[in-house]
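Dear colleague,

Please find below the structure that I am handing over to you. My account of what was found in it follows directly after.

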Amino acid sequence: MNSIRLRPLSRLFLALFLTFAAVGQSSAQDVGAAPAVSKEGVTPGATAGATPATAAAPAAGGGDAAAIAAGDALFKGNCAQCHAVNDVVVGPALAGITKRRPMSWIIPWVKNSSKLVASGDEYAVKLFNQYQKQQMPSFQLSDQEITSIVAWVTSQEGQSAGAPGAATNIKPADGAETPGTGAAGAEDGKYMNVLLIVLVVVLIVLVVTLVIIANIMKDVLRGRKDLDGRDVEVVEQRFDLSKIYNSTAVRAIVGIVFVLAVLYESIQGAMGVGLTQGYQPTQPIAFSHKLHAGEHQINCAYCHTSVYKSKSANIPSANICMNCHSQIKTESPEIKKIYRAIERKQPIQWVRIHNLPDLAYFNHSQHTQVGGLECQTCHGPIQNMEVVYQYSPLTMGWCINCHRETPLNTKGNAYYDNLVKLHDTKNGAVPFTVSSNGGTECSKCHY
Ligand code: HEC
Ligand code: HEC
Ligand code: HEC
Ligand code: HEC
Ligand code: HEC
Ligand code: HEC
């Protein structure tokens, strides 16, 4: 009979366990929801112009799933090296483009942006100047293909448009450091904290109530005369930690959880060995790329003089700083550090950030000069960085993926003419990528 009837104390534990489980579950859901909400905060321009989010769907051109999927692939193949939906990369963030411009503008722009700029279109000229007169390449895409790219872009911004009030009136060109993102995140954090405190208080009240009820029940039972020996034992039973500790089931569960946790951590650790994405050391002088390359628009190659000519991009010597700082801000303590280095005839000890292992061969001029890639494709929005960090993973997979996806820059290079013709007659549908030219052969990158 005892096997069916739960003992009072076990009941108390069961009740407690269930409450904890239920509360744990609901707070886990909240935790799950939190990053999603704070992500909204980080999407600049997601709801640019404060247009209601619902307006996005009809503008997507029907929101046809097939078109969106096609647009995804087209975007990755043609646009992703310079555009992201919510971030400025080389070109502007494309979120909200259908609200800024009609399709009748977007289509001719993508087909030939320089023609539109040359025609004197006011918006195009302004944008072109704003992006330091960088020319967006022309694309031989059909109207339908461009529409599907725009549909995909709109579907991406649609995903993050539900944010209550977050990221409104942020201009798309604001880049990574958008005002207001921090505030949104902080608000979420505060909300979570309040929720947690309320939960803890509720739990304490619950525990106290349950203990009181258990005691009352015990008292009532003690007063009854018709209890048999076993029931008396249960009523007089004390809470015994060592019993829980000695239980095989509890030990087994704790053991399994421990082994799983160790396993998970080691796998995560092993995957990350040698990965330094995000590495952002403090530099000996508070040199800001945001100030120099961003606000003052000093060309990257003014300082990194060899980046278009040789394998390595050099770090500028103190003389280059002196071209300007013999005149500018001469009294600043940070600038005085440059003077001191020159007086002592010692180089400034910059901390190196990007560093491939010696077994891999990487050449800058091959990518910047020959391939025509922008620095930002690999280094991210350097012109917005107060302190430089490693933007890309720099893994072999990263190199190879780009080589598979990027069409080779063969225009105006007679060296490639026959090769491309041969490739196109054999499999014209597939573009002539870096990997078609042998860019995924081991020996190209390994000595
Ligand atoms: C090599 C870099 C590059 C590539 C590739 C590129 N763009 Fe651009 N895009 C730019 C730049 C830079 C601008 C800003 C205007 C300028 O300087 O010409 C721009 C502007 C735009 C704009 C106007 C945005 C606005 O806020 O008004 C649209 C739309 C656009 N691009 C769409 C596309 C699409 C679609 C693709 C792919 C088919 C693409 N771009 C590929 C560099 C690029
Ligand atoms: C006024 C000179 C100057 C200009 C202009 C400049 N840089 Fe730099 N750059 C430096 C200095 C000095 C360092 C080393 C200190 C540091 O990391 O901040 C550096 C470091 C870097 C690094 C990290 C190197 C490493 O250690 O791995 C990258 C990447 C980089 N610059 C890219 C760029 C790009 C891209 C631009 C143009 C948008 C640019 N720089 C413009 C001076 C300059
Ligand atoms: C082409 C001109 C130019 C070059 C080259 C240059 N700077 Fe600057 N630098 C500036 C300008 C302009 C400012 C902003 C001055 C102001 O805010 O009034 C500045 C500001 C600074 C500041 C902030 C000073 C302060 O206290 O506010 C530091 C630090 C600095 N530069 C370091 C460097 C270093 C290190 C180099 C060499 C790697 C360098 N700069 C090369 C033009 C230059
Ligand atoms: C295809 C990707 C790619 C592009 C494009 C690119 N870089 Fe790099 N950059 C790298 C890699 C990878 C390293 C690390 C190289 C190493 O450790 O040997 C690096 C390293 C650097 C360094 C540190 C010094 C060195 O050579 O190791 C500087 C500075 C730098 N890049 C500046 C630039 C500038 C400026 C541009 C644009 C003109 C640019 N990079 C374009 C991938 C790229
Ligand atoms: C953003 C795209 C991109 C990334 C990332 C990239 N590459 Fe490349 N790579 C190119 C392009 C484009 C070319 C072709 C340049 C040309 O010849 O026109 C190229 C060419 C090369 C070549 C010459 C291939 C040949 O056929 O001669 C080597 C070697 C190379 N890359 C090494 C690397 C290594 C190593 C990395 C990673 C550390 C890397 N690349 C990352 C785009 C990329
Ligand atoms: C596009 C350039 C590129 C090509 C092609 C390439 N690799 Fe790599 N490989 C790299 C880079 C860069 C690294 C360093 C990655 C890192 O540090 O995480 C690397 C790392 C490795 C490593 C790991 C070494 C270590 O110490 O962890 C091995 C093994 C390797 N490559 C083998 C190959 C083989 C085999 C091929 C041909 C099938 C190949 N690679 C083709 C760029 C390339």
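Among contacts in the protein between residues at least 6 apart in sequence, 77% join residues at least 24 apart. Please bear in mind throughout that this is a predicted model. The protein has 447 residues, of which 17% are buried. Its secondary structure comprises 21 helices and zero strands.

I begin with the largest nonpolar core, which has 23 residues. The members that touch the most others are L94, I106, I149, V150, W152 and V153. Two or more residues of this core come from each of α3, α5, α6 (113-118), α7 and α8 (143-159). Of these, α8 gives the most, with six residues. I106 may serve as an example of the packing: beyond its neighbours within four places in sequence, I106 is in contact with I97, R101, I146 and V150.

Helix α3 deserves a closer look. With 15 residues, α3 reaches 20 Å from its first C-alpha to its last, close to the 21 Å expected at 1.5 Å a residue. Which residues of α3 are buried? They are A67, I68, G71, F75, N78 and C79. These residues lie on the same side of α3, because they cover an arc of only 110° around the axis. As background, an α-helix has 3.6 residues a turn, so residues three or four places apart point the same way. On the face of α3 turned away from the buried side are the exposed residues A65, A66 and A73.

I turn now to the ligands, starting with ligand 1. There are 26 residues around ligand 1, and C79, C82, G91, Y131 and M136 come nearest. The elements that contribute two or more residues to this shell are α3 (65-79), α4 (97-100), α5 (103-111) and α7 (122-130). The most is given by α5, with three residues. By class, the shell around ligand 1 consists of 17 nonpolar, seven polar and two charged residues. C79 thus appears twice in this account: C79 is one of the buried residues of α3, and C79 is also among the residues that come nearest to ligand 1.

Around ligand 2 there are 21 residues, the closest being C300, C303, I353, H354 and C375. At least two residues of the shell around ligand 2 are supplied by each of α13 (289-295), α14 (300-303) and α18 (375-379). This shell divides into 13 nonpolar residues, seven polar and one charged.

For ligand 6, which residues come nearest? Of the 16 around it, they are A360, M396, C399, C442 and C445. Both α19 (396-405) and α21 (442-445) supply at least two residues of the shell around ligand 6, and the largest share, four residues, comes from α19. The class composition of the shell around ligand 6 is nine nonpolar, five polar and two charged residues.

A final point concerns R222, which is found in helix α9 (residues 181-223). Is R222 buried or exposed? R222 counts as exposed, because R222 has 11 C-beta neighbours inside 10 Å, and the cut-off for exposed is 12 or fewer. R222 and V232 are 10 residues apart in sequence, and their C-alpha atoms are 7.9 Å apart in space.

With kind regards

Methods:
Residues are numbered from 1 along each chain as its sequence is written. Chains are lettered from A and ligands numbered from 1 in the order in which they are written. This is a predicted model: local features need pLDDT of at least 70, side-chain atom pairs count only at pLDDT 80 or more; totals for chains, interfaces and linings use all residues. A residue is near a molecule or strand if its C-beta atom, placed from the backbone, lies within 6 Å of it. Ala, Val, Leu, Ile, Met, Phe, Trp, Tyr, Cys and Pro count as nonpolar, Asp, Glu, Lys and Arg as charged, and the others, Gly among them, as polar. A residue is buried if 20 or more other C-beta atoms lie within 10 Å of its own, exposed if 12 or fewer, and partly exposed in between; C-beta atoms are placed from the backbone. Two residues are in contact if their C-beta atoms, placed from the backbone, lie within 7 Å. A nonpolar core is a set of buried Ala, Val, Leu, Ile, Met, Phe, Trp, Tyr and Cys residues joined through C-beta atoms within 7 Å. The expected span of a helix is 1.5 Å times one less than its number of residues. The arc is that of the directions from the helix axis to the C-beta atoms.
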